[in-house]
Amino acid sequence: MNGWRGKILRVDLTSGVCSARPMEPSVAKDYIGGRGLGIHFLNRSVDPRCDPFSAENMLIMATGPLTGTGAPTGSRYMVMTKSPLTGAITCSNAGGMFPTEFKRTGYDAVLFTGRSESPVYLWMDREKAELRPAGHVWGKTTHETTDALLAETDAKAKVACIGPAGEKRVLFAAIMNDKHRAAGRSGVGAVMGSKNLKAVVVKGKGRISLADPDRFKDFNKQILDTFREGTRKTPLGLTVNGTAGVVMVTQNYGVLPTKNWQQGTFDGWEKIHGEELTRRFLKKNTACYGCPIGCGRKTRVEDLRFAGEGEGPEYETIYAMGANCMIDDLAAITKANYICNELGMDTITMGATVACAMELVERGYLPEAQVGRSLKWGDAEALVELTRLTGIREGVGDLLAEGSFRLAERCGHPELAPVSKKQEFPGYEPRGAQAMGLAYATSPIGGSHMRGDPAYFELFGVPESMDPHQWEGKAKATQAYQDLSAIIDSAGLCIFFAVRHLAAKDLGVAPVGILEYLNAATGAGYTLEELMVAGERIINAERMFLTRAGFARKDDSLPDRLTKTPAPTGPAKGLVCHLDEMLDEYYQVRRWTEDGIPTQEVLETLGLA
């Protein structure tokens with residue numbers, strides 16, 4: 001096979017046996033790769049009602065056919081499993097150098113089943129794979145683990161691993177690769193820890209074969225030339241200030257979540273936005289494999305209170321740990337970000353859980369004696385300390401490690417948790433960006449913007465602008481972006497480049513550029529219609545898993561704070577998110593039942609019946 005490697009590695013952690021099997025060409029074409037392969041294997045092999053921490057759950061790492069090919073931003077891999085945070089699926093996505101090296105070993109995906117009796121790591125040297133003891137790195141940070149395993153395998157290998165948070169089953173533990181890149185959301189690191197799997201270390205060889213190298217090279221040059229023209233050089237300003245530059249955009253639109261989502265504007269935003277990060281802490285840009293953007297931030301904080309060095313923070317971290325906690329101390333936010341990376345945690349859920357705790361304390365629902373310290377809005381030192389305690393599950397950190405929903409529920413007020421399907425939201429307030437609310441509610445992984453991101457058209461005008469305050473007609477646009485996201489995730493691309501440069505707005509955000517890349521790489525001969533159907537197939541396959549797990553319309557929800565309480569400040573003042581009205585239209589567009597269940601007709605059309 002070209003583009004694809006054509007093999008799947010199954011690792012039975014219970015028996016310690018690693019076995020290779022061919023990937024069916026029809027499965028590869030129908031599900032593309034990455035996220036698509038993940039849901040295909042979950043639906044085939046996992047009981048949707050299983051305990052996420054049981055041996056019956058499966059953990060899947062999968063690349064796409066464009067991963068490692070040289071396609072711009074073709075550097076992604078997906079981690080999929082049943083989430084301990086939500087009970088739904090995960091679609092955790094990460095870039096860096098690990099995904100390309102992983103694919104160069106000769107496999108498109110690794111399927112982890114069972115549970116090891118003692119800590120192990122997987123060593124993949126080209127096509128050879130073996131489990132090795134990992135007791136000597138159990139308890140170490142992600143940075144310490146990476147250094148130790150490279151020293152005993154190959155200095156040129158790449159590592160994805162968990163830290164203490166994953167080992168201790170923090171429900172939002174991440175898998176970190178290349179030290180600073182996170183498959184961050186929904187607790188994939190906790191599932192990895194539950195299986196006693198500390199790390200995956202990969203060393204590949206050679207280049208990925210392409211079906212038509214000349215066609216691929218010519219199209220690649222055409223796309224990169226377009227990218228370099230004028231304002232297209234830095235999409236969304238990512239090369240200049242990274243994703244942190246988004247702070248100014250969301251503040252100006254009144255959708256920067258603040259004070260545990262009570263409002264959408266933050267008076268201290270200028271102290272935490274991208275230009276400030278660049279001015280104070282940036283040492284250099286970093287880029288994933290094959291990326292022309294370079295949005296990564298190599299940073300250093302020299303403030304003695306919060307000194308450290310690493311990568312980040314990203315916009316989502318700055319919103320969650322900054323505005324959402326009313327903290328305008330960028331050094332503290334950056335330090336908490338470093339701690340999350342080293343201990344292996346999702347910064348969004350971490351920051352949102354601290355913000356929720358602050359409100360619970362303010363309202364008298366969570367005693368400060370139980371927290372073990374004073375906890376008030378804007379407390380930068382508390383943020384850093386609570387982040388550390390959460391990653392090691394000590395003191396109040398043991399409560400925070402369960403996420404904001406379980407914390408608020410324990411205090412008798414689950415309505416104060418900013419979640420959908422028990423997962424915390426990213427940084428776009430849906431009272432002022434209506435389609436974002438619909439995307440959060442219908443995301444297959446719970447609150448997320450990366451499984452279909454309407455902020456592109458509501459806030460950034462990509463590929464065209466739509467009024468963010470208008471809710472009518474948003475269902476079709478949201479559905480189109482979700483299907484496109486499924487294609488991007490499955491192909492192995494980053495959404496930052498793909499939405500702007502590889503999707504045509506006049507065809508309903510159709511993936512025409514991705515189509516050209518895929519056909520040149522794989523020779524699969526996709527038509528545009530077939531590729532768009534593949535995106536729809538993946539979304540419906542994910543919905544099938546959720547349906548069998550007991551999810552329905554009741555779970556496609558937002559807190560009353562966003563649907564019943566008008567926004568108190570900013571351009572969205574007086575607005576609420578019209579979720580119920582959008583849901584009715586969305587289900588009709590999807591051809592699902594009124595309760596959000598895919599119909600038999602839809603499943604048969606997509607080959608899922």
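In this predicted model, a good place to begin is Y526, because a charge counts as sitting over a ring when, among other conditions, NZ of Lys is within 6 Å of the ring centre, and K29 lies over the face of Y526 at 5.5 Å from that centre. A second lysine is placed in a similar manner, for K7 lies over the face of Y107, at 4.9 Å from the ring centre.

From charges over rings we can turn to rings beside rings. A pair of aromatic rings is described by the distance of the centres and the angle of the planes. The structure holds 14 aromatic pairs, and one of them is formed by W261 and F425, whose ring centres are 5.3 Å apart and whose planes meet at 65°, so that this pair is edge-to-face. The reason lies in the cut-off, because planes over 60 degrees apart count as edge-to-face. This pair links distant parts of the chain, since W261 belongs to the loop between helix 9 (246-253) and helix 10 (274-280), while F425 belongs to the loop between strand 17 (423-424) and helix 18 (434-442), 164 residues apart. Both W261 and F425 are buried, and together with Y319 and Y440 they form one aromatic cluster.

Another edge-to-face pair consists of Y586 and W592, with ring centres 5.9 Å apart and planes at 85°. Y586 is buried, having a relative accessible area of 1%, and W592, at 7% relative accessibility, counts as buried too, because the cut-off for that word is under 20%.

The nonpolar cores come next. The largest of them has 164 residues, and the members that touch the most other members are I32, I39, L42, L66, I89, L493 and I514. Helix 13 (residues 347-362) gives the most to this core, with 10 residues. To see the surroundings of one member, the reader may look at I89, which, when residues up to four places away in sequence are not counted, touches I39, L42, M80, T81, S83, P444, I445, E542, F545 and L546. There is also a second, separate core of 26 residues, which includes L9, A160, A183 and L197.

Helix 12 (residues 330-343) lets us check a length against an expectation: at 1.5 Å a residue its 14 residues should span 20 Å, and the end C-alpha atoms are indeed 20 Å apart, which agrees. This helix is mostly covered, as 12 of its 14 residues are buried, and among these buried residues are L330, I333, Y338 and L343.

Strands can be followed in the same patient way. Strand 14 (residues 296-301) and strand 15 (residues 308-311) pair in the antiparallel sense over 4 bridges, and the two form a hairpin with 6 residues between them. Within this pairing, the bridge partner of K298 is E311 in strand 15.

Finally, where along the chain is M97 placed? M97 is found in the loop between strand 5 (92-94) and helix 3 (98-103), and with a relative accessible area of 32% it is partly exposed. Leaving aside neighbours within four places in sequence, M97 is in contact with K158, D178, A287, C288 and Y289. For D178, the separation can be stated in two ways, since M97 and D178 are 81 residues apart along the chain, whereas their C-alpha atoms are separated by 6.8 Å.

Definitions and conventions
Residues are numbered from 1 along each chain as its sequence is written. This is a predicted model: local features need pLDDT of at least 70, side-chain atom pairs count only at pLDDT 80 or more; totals for chains, interfaces and linings use all residues. Side-chain values use heavy atoms; hydrogens and water are left out. Rings of Phe, Tyr and Trp (its six-membered ring) pair if their centres lie within 6.5 Å; planes under 30 degrees apart count as stacked, over 60 as edge-to-face and the rest as tilted. Buried means under 20% relative accessible area, exposed over 50%, partly exposed in between (1.4 Å probe, protein chains only). A charge sits over a ring if NZ of Lys or CZ of Arg is within 6 Å of the ring centre and within 35 degrees of the ring normal. Two strands pair if DSSP finds at least two bridges between them. Contact means heavy atoms within 4.5 Å. A nonpolar core is a set of buried Ala, Val, Leu, Ile, Met, Phe, Trp, Tyr and Cys residues joined through side-chain atoms within 4.5 Å. The expected span of a helix is 1.5 Å times one less than its number of residues.
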